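Hi,

Here's the structure I promised to pass on. Have a look at it first, then read my notes below.

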Amino acid sequence: MELLKISNLTKNYLTKKQVISALNRINLSINEKEFIVLVGPSGCGKSTILSVIGGLENKSSGEIKFKNNNVKIGYMFQEDALFPWLTVFDNCMLGLKIQKEDNEKGKKYVKYLLKKYGLSAFEKSYPKELSGGMRQRVALIRTLATKPDILLLDEPFSALDYQTRIAVSDDVYKIIKEEEKTAIMVTHDLEEACSIADKVVVLSRRPASIKNIYEMKIDDKLLPSKRRKAKEFSTYYNIIWKDLDYYES
């Protein structure tokens, strides 16, 4: 079932000297429980799309239509943005506290998520005591605690080293699929995109428009680290790499 439909989305920035066009008539439909990944040349406007969907920036024109008015959005940024003076549990409660839902029901749900995803023993620990991968899991649980319908992930693994990125992408993929969430992720790493996405959306240079959308027909029951070894993986990677055309004039 369609959860979000983007029609002719355009975004312009007005400076003192000129109008800069960032997005040019983006059209995209996103279904419930889909994991969508946006790729494209650096600076093409990938993160701008997330910002407009999430309400952090206003669109210039076009339409963003959700299934209903009650759709909740969760945002996960490049950095985990955990508060160093708060424990793991208190960091996970932060969104609920802002929404004034930090009641017993909210606390119980956070404890459930921490236990389910292997962090209950670290409830009273502080971020500095955790590995980079564990911090990202905490950041995701903090986002999930508010029970969002759509997760927006802006290069969530970019601050991690290569081996940790692969391990954490497995964690994040597993959690999102088990919790049956819809996710839209931005990444500059094409291997990452091909291994984690249900669909890869290829954007052009700025102003971004959609060049192609690829449905990744790789077993979605496999974790991203295993999908990288699937026979279809290299085929998709090579096709999308050519489509990205980083060096076009």
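How are helix 5 and helix 6 oriented to each other: roughly parallel or roughly antiparallel? They're roughly parallel (angles under 35 degrees count as that, over 145 as roughly antiparallel). Helix 5 (residues 132-144) packs against helix 6 (residues 162-178) at about 25°, and their axes are 10 Å apart. Axes here are lines fitted to C-alpha atoms, for helices over the stretch in contact, and angles run from 0 to 180 degrees between N-to-C directions. Helices (H or I, at least four residues) and strands (E, at least two) are DSSP runs, numbered from the N terminus.

Before you go on: this is a predicted model, where local features need pLDDT of at least 70 and side-chain atom pairs count only at pLDDT 80 or more, while totals for chains, interfaces and linings use all residues. Residues are numbered from 1 along each chain as its sequence is written, and side-chain values use heavy atoms, leaving out hydrogens and water.

Where the two helices meet, Gly133, Gln136, Arg137, Leu140 and Leu144 of helix 5 face Thr164, Val168, Asp171, Val172 and Ile175 of helix 6 (contact means heavy atoms within 4.5 Å).

Now the sheet. It's open, with 6 strands in the order 5-6-7-3-8-9 and mixed pairing (two strands pair if DSSP finds at least two bridges between them). At its edges are strand 5 (73-76) and strand 9 (210-215), each paired on one side only. The twist averages 15° from one strand to the next. Helix 5 packs on this sheet too, touching strand 5 and strand 6 (150-154). Strand 3 (residues 35-39) and strand 7 (residues 182-186) run parallel, joined by 4 bridges.

Cheers

Technical notes. Parallel < 35°, antiparallel > 145°, perpendicular 65-115°, else oblique.
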